[in-house]
Amino acid sequence: MKNILVIGSTGQIGSELTMELRRRYGGGHVVAGYILPAPPMGELKDSGPSEVVDITCPDMILDVVKKYKIDAIYNLAALLSVVAESKPQLAWHIGIDGLFNVLEVARHYQCAVFTPSSIGSFGASTPHKMTPQDTIQRPSTMYGVTKVTTELVSDYYFHKYGVDTRAVRFPGIISNVTPPGGGTTDYAVDIYYSAVRGEEFVCPIAEGTLMDMMYMPDALHAAISLMEADPKRLVHRNAFNIASMSFGPETIYAEIKKHVPSFKMRYEVDPLKQAIADSWPDRMDDACAREEWGWQPQYDLPRMTADMLEKLRARLL
Ligand code: AKB
């Protein structure tokens, strides 16, 4: 990879992925694609080029790919699961019409493409415990429908046109930098903010609801390592299960309480979020990612919690 375009560079994953890519490949080689009214700010703005790239406008993608001689695109444009339920057509337009725009440019200009999938690509009929790499994917949410379609269309472009498409199925991503917006797993980020601010946390997800989660440094490492992996080793492409920790609200609460003994949490279950969470895996089996490109996470719940609290205290207090 010499020149990279990140579409969705101001979002939760995009903002940190763009900075990590710039650290590795040089600021000038990584273009931060964004949509108005959310231009890059601060370090993200100052550390390299940025361009308006609306994924629903094919010409915008084409112009930037030609101008910067882009050879890899990280496509992070998507509506998260809860928001997508209130705007299903928009979720499809961004997720799938947008994906076609990216893949068509990639096909003509020989770009590799990373478009993440998610635990949301699974549904109630999927085996929930150690969810296999290749299994039933019949999601009940529009987010999930777009993610399964993303996987299929990305594989299609690889087999039919030779576009180098690769992806992971992200768990809920936990970060101390940019907050998520409109996801089912957001509670596992919000809980840290409440703990640091000394507020009671009102948990929208019921006790005992297990979901895969991952700390942002591992998520970034996964995306970049997969894109750098030797293609000869890849049996799968779109998309790999990746896992590092799985917990329910009571477990993350107990872990935070070790650091903040006065922290309080109560449950006020949100029926939509709970229904989505119940349809997702308890824990994915990531053996294929480990075998095919050496996936190895660094953070478990205790290590992530210590780091989250330290970073948030330094920033917020
Ligand atoms: C969401 O909750 O919608 C996302 C996801 C797991 O894909 N964080």
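Which residues does Gln133 touch, not counting residues up to four places away in sequence? In this predicted model, the contacts of Gln133 are Arg169, His236, Ala239, Phe240, Asn241, Asp285 and Cys288. Gln133 itself is located in the loop between E6 and H6. With a relative accessibility of 7%, Gln133 is buried, since the limit for that class is under 20% relative accessible area. A polar link accompanies these contacts: the Gln133 side chain comes to 2.8 Å from the backbone oxygen of Ala239.

The chain that holds this residue is divided into two domains. Domain 1 comprises 4–170 + 237–241, and domain 2 comprises 172–213 + 243–316. To their contact, domain 1 contributes 30 residues and domain 2 contributes 31 residues. The centres of domain 1 and domain 2, taken over C-alpha atoms, are separated by 23 Å.

The size of an interface is often expressed as the accessible area that is lost when the parts come together. For domain 1 and domain 2, the buried area is about 2500 Å², and carbon and sulfur atoms give 66% of that area. On the side of domain 1, the residues that lose the most area to domain 2 are Gln12, Ile119 and His128, which together account for 27% of what that side buries.

Polar interactions across the interface were then examined. Between domain 1 and domain 2 there are 15 residue pairs in polar contact, with both residues at pLDDT 80 or more. On the side of domain 1 that touches domain 2, the elements giving two or more residues are helix H1 (12–25), helix H4 (81–86), strand E8 (168–170) and strand E12 (240–241). By residue class, that side of domain 1 is made up of 13 nonpolar, 13 polar and 4 charged residues. The interface of domain 1 and domain 2 also holds 1 salt bridge.

A salt bridge is formed by Lys129 and Asp282, whose closest N and O atoms are 2.6 Å apart. Lys129 is placed in the loop between E6 and H6, whereas Asp282 is placed in the loop between helix H10 (271–279) and helix H11 (287–293), so the pair ties together parts that are 153 residues apart in sequence. The partners are set in opposite surroundings: Lys129 is exposed, at a relative accessible area of 62%, while Asp282 is buried, at 16%.

In the structure as a whole, 15 salt bridges are found. Further examples occur within helix H1, where Glu20 and Arg23 lie 3 residues apart, about one turn of the helix. The side chains of Glu20 and Arg23 form a salt bridge with an N to O distance of 3.2 Å. Glu20 also pairs with Arg24, and here the closest N and O atoms are 3.0 Å apart. Because Arg24 and Glu20 are 4 residues apart in helix H1, about one helical turn separates them. Accessibility varies within this group: Glu20 is buried, with a relative accessible area of 18%, Arg24 is partly exposed at 37%, and Arg23 is exposed at 56%. Through shared partners, salt bridges join Glu20, Arg23 and Arg24 into one network.

The loop that carries Gln133 and Lys129 was considered further at Thr126. Thr126 is situated in the loop between strand E6 (117–118) and helix H6 (142–161). Its relative accessible area is 3%, so Thr126 is buried. Leaving aside residues up to four places away in sequence, Thr126 touches Thr131, Thr135, Ile136 and Gln137. Of these contacts, Ile136 provides a backbone oxygen that lies 2.7 Å from a polar atom of the Thr126 side chain. The C-alpha atoms of Thr126 and Pro139 are 8.7 Å apart in space, and the two residues are 13 residues apart in sequence.

Definitions and conventions
Residues are numbered from 1 along each chain as its sequence is written. This is a predicted model: local features need pLDDT of at least 70, side-chain atom pairs count only at pLDDT 80 or more; totals for chains, interfaces and linings use all residues. Side-chain values use heavy atoms; hydrogens and water are left out. Buried means under 20% relative accessible area, exposed over 50%, partly exposed in between (1.4 Å probe, protein chains only). Contact means heavy atoms within 4.5 Å. A polar contact is a pair of N or O atoms within 3.5 Å; within protein, one must be able to donate a hydrogen and the other to accept it, and residues adjacent in sequence count only if both atoms are side-chain atoms. Domain bounds come from an automatic or database domain assignment. Buried area is the accessible area (1.4 Å probe) that two parts lose on being put together, summed over both. A salt bridge is a side-chain nitrogen of Lys or Arg within 4 Å of a carboxyl oxygen of Asp or Glu. Ala, Val, Leu, Ile, Met, Phe, Trp, Tyr, Cys and Pro count as nonpolar, Asp, Glu, Lys and Arg as charged, and the others, Gly among them, as polar.
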